[in-house]
Amino acid sequence: MKFKKLAALGMAAVMTFSLTACGEGGGNSGSSSSDVNANSGTADNTAAGSTADSGAAADSGSADAAGGVPTIDQINVGEDYKDLTASIKVLTNRTDIVDTVYKGYAEEFMQLYPNITVEYEGITDYEESVTLRLTAGDWGDIMFIPTSVAKNELSTYFMPLGDYNTLDPVYNFIEEKTFENVVYGIANGGTASGIAYNKKVWADAGITEMPKTPEEFLDDLQLIKDNTDAVPLYTNFAAGWTMGAWDAYTDCAATGDPDFKNNMPHMSNPFAKRDDMTGPYAVYYILYESVARGLVEDDPASTDWESSKGAINRGEYATMVLGSWCVEQFKEAGENPDDIGYMPFPISVNGQQYAGSGGNYSFGINVDASDENKIASLLYMKWLIEESTIYLDEGSIPARKDGEYPSVLEAFDGVTLLSNSPAPEGEEDLFDNVNNESEVGINNNDYPDCEILEAALYGSRTLDEIMDEWNQKWTAAQESLGVEVNQ
């Protein structure tokens with residue numbers, strides 16, 4: 001499967017679109033659910049101590065690293081390995097702050113460990129570039145694990161960080177980078193799935209209530225187009241990875257079911273339209289109809305991610321579909337931080353709205369690094385996710401379960417926050433296998449979402465035709481892999 005996936009990725013890299021090439025993606029997963037408290041901005045997560053019982057998972061899975069390298073729960077930052085000398089490189093997609101904020105984190109850590117040098121490398125076309133560099137092995141020491149790496153490939157590229165049963169009480173969202181009870185990545189915090197918007201623009205358009213259904217949202221976008229000068233929905237198509245963000249809404253947020261993603265490989269026609277306009281079809285319907293009705297930018301090929309931050313701050317753009325991590329960036333991009341808000345995704349299940357909660361990119365450590373660099377990387381990773389100000393700076397849900405939720409989620413009053421349940425034993429990579437075999441690629445790359453936008457823009461295909469094709473591919477993959485279809 002690894003070679004098939006890398007080959008498919010290579011084909012995707014040379015694909016050309018009539019508008020632009022798309023290059024990055026993301027994903028959501030986790031293992032808990034909670035109701036967001038609008039007063040405290042926190043979720044009902046159980047607090048955990050600073051060190052978990054390392055014997056909790058002794059009966060299943062082994063996360064011992066070769067050469068005496070400890071797991072992340074076995075090290076004490078600021079106390080252990082004070083004489084360690086190493087130089088480590090960290091790869092990141094945050095090119096906008098790599099030489100400022102991230103450099104500041106490194107300098108602060110190096111005051112604690114003066115014999116460890118931390119160097120960052122910012123990468124623009126992150127998903128494509130790091131996937132190609134992975135096979136070389138000498139890419140560096142810490143990276144955000146690209147979404148192209150399937151669960152059963154994690155051990156090929158990344159060192160074990162600990163056992164799932166040991167780390168799950170401590171950290172959020174680790175299920176996504178766990179395989180056979182071994183954790184290979186810890187998320188750089190997390191986000192809730194919703195929509196960033198300019199509150200002033202929405203008010204100027206005459207909108208007084210947040211939309212709860214796809215049609216209500218589309219009607220509101222039309223009001224914005226009719227009553228303001230703002231672009232109702234800015235797709236950020238040219239950036240690529242921003243398009244892949246749509247896939248993250250197709251499970252918990254669109255269904256209210258934390259087991260939906262695990263059940264999807266066994267489903268018959270999971271992309272079919274539902275009468276109540278929930279599920280994946282409803283998410284892609286919003287994207288397709290927004291484009292088809294002319295409620296997005298005039299020329300998607302000319303979009304620019306960096307400048308879009310200031311534009312939504314100034315009220316030139318009304319909405320963007322991205323995780324809650326984007327809010328702090330939009331607030332900091334201009335003189336109107338109070339105008340930036342965040343709303344739940346406009347789908348309701350029996351009258352109830354849900355928001356998927358999942359991890360950002362996960363930190364992983366190079367399995368081929370030296371023991372010294374592995375230990376130095378563990379020290380820096382643990383310091384970064386537990387002791388730095390990274391989550392306050394980025395407005396993210398902290399990596400630790402006892403951390404405070406960001407204030408942006410205070411607006412989700414009455415919305416239930418969900419994360420995807422861990423996959424059943426023996427099916428840890430089943431979704432990946434069916435998804436890759438089908439070549440649909442949801443939550444894997446941004447091509448499916450780009451395909452929908454282009455079809456809507458040019459009128460080349462209807463959404464029903466696209467969804468029918470995806471269902472056929474899904475069915476063929478199930479048959480090829482011998483997967484039981486029971487729904």
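This report describes the fold, the strand pairings, the aromatic contacts and some backbone details of one protein chain.

## Overall picture

The structure is a predicted model. The protein chain contains 18 helices and 16 strands. Of its 487 residues, 59% are buried. The surface that the protein chain exposes comes to about 18700 Å², and carbon and sulfur atoms supply 44% of that area. Among the contacts with a separation of 6 or more, 79% are between residues 24 or more positions apart.

## Strands and their partners

The strands β2 and β3 give an example of parallel pairing. Strand β2 covers residues 86-92 and strand β3 covers residues 116-122; the two run parallel and are joined by 7 bridges. Within this pairing, A86 has I116 in β3 as its bridge partner. Helix α2, residues 101-112, belongs with these two strands, and β2, α2 and β3 make up a right-handed β-α-β unit.

Antiparallel pairing appears between β10 and β12. Strand β10, residues 194-198, is joined to β12 by 5 bridges, and the two run antiparallel. Here Y197 stands opposite G341 in β12. Strand β12 spans residues 340-344 and is mostly covered, with 5 of its 5 residues buried. In a regular strand, side chains alternate between the two faces of the sheet.

An open sheet of 3 strands offers a further case: its order is β5-β7-β6 and its pairing is antiparallel. The edge strands are β5 (162-163) and β6 (178-179), each of which pairs on one side only. Strand β7, residues 182-183, pairs with β5 in the antiparallel sense over 2 bridges. In that pairing, G162 stands opposite V183 in β7.

## Residues with positive phi

Two loops beside strand β6 hold residues with a backbone angle worth noting. F173 has a phi near 65°, a positive value in a residue other than glycine. This residue is placed in the loop between α5 (164-167) and β6. Is F173 buried or exposed? Its relative accessible area is 6%, so F173 counts as buried.

E180 also has a positive phi, of about 50°, although it is not a glycine. Its position is in the loop between β6 and β7. With a relative accessible area of 54%, E180 is exposed. A further positive phi, of about 65°, is taken by E439 just after helix α16.

## Aromatic rings

A pair of aromatic rings is described by the distance of the centres and the angle of the planes. The count for this model comes to 28 aromatic pairs. Two edge-to-face pairs are set out below.

| Pair | Centre to centre | Angle between planes |
|---|---|---|
| W241 and W305 | 5.0 Å | 80° |
| W246 and F345 | 6.3 Å | 85° |

Why does the pair of W241 and W305 tie together parts of the chain that are apart in sequence? W241 lies in helix α8 (residues 241-244) and W305 lies in helix α12 (residues 305-314), so the pair ties together parts that are 64 residues apart in sequence. W305 has a relative accessibility of 12% and therefore counts as buried.

The pair of W246 and F345 is edge-to-face because the planes of the rings stand at 85°. This pair links distant parts of the chain, 99 residues apart: W246 is in the loop between α8 and α9 (252-255), and F345 is in the loop between β12 and β13 (348-349). Both W246 and F345 are buried.

Some rings are joined into a larger group. Ring pairs link Y102, Y105, F109, Y113, Y120, Y380 and W383 into a cluster.

## Charges over rings and helix α16

One ring of that cluster also has a charge above it. The charged end of K82 sits over the ring of Y113, at 4.9 Å from its centre. In another case, K261 lies over the face of F431, 4.9 Å from the ring centre.

F431 is one of the buried residues of helix α16. Which residues of α16 are buried? They are L430, F431, N433, V434, N435, N436 and S438. The helix spans residues 430-438 and is mostly covered, as 7 of its 9 residues are buried. An α-helix has 3.6 residues a turn, so residues three or four places apart point the same way.

Definitions and conventions. Residues are numbered from 1 along each chain as its sequence is written. This is a predicted model: local features need pLDDT of at least 70, side-chain atom pairs count only at pLDDT 80 or more; totals for chains, interfaces and linings use all residues. Side-chain values use heavy atoms; hydrogens and water are left out. Two strands pair if DSSP finds at least two bridges between them. Helices (H or I, at least four residues) and strands (E, at least two) are DSSP runs, numbered from the N terminus. Buried means under 20% relative accessible area, exposed over 50%, partly exposed in between (1.4 Å probe, protein chains only). A crossover is right-handed if, with the strands pointing away from the viewer, the path from the first strand over the helix to the second runs clockwise. Contact means heavy atoms within 4.5 Å. Accessible areas come from the Shrake-Rupley method with a 1.4 Å probe; for residues, only the protein chains shown count as cover. Rings of Phe, Tyr and Trp (its six-membered ring) pair if their centres lie within 6.5 Å; planes under 30 degrees apart count as stacked, over 60 as edge-to-face and the rest as tilted. A charge sits over a ring if NZ of Lys or CZ of Arg is within 6 Å of the ring centre and within 35 degrees of the ring normal.
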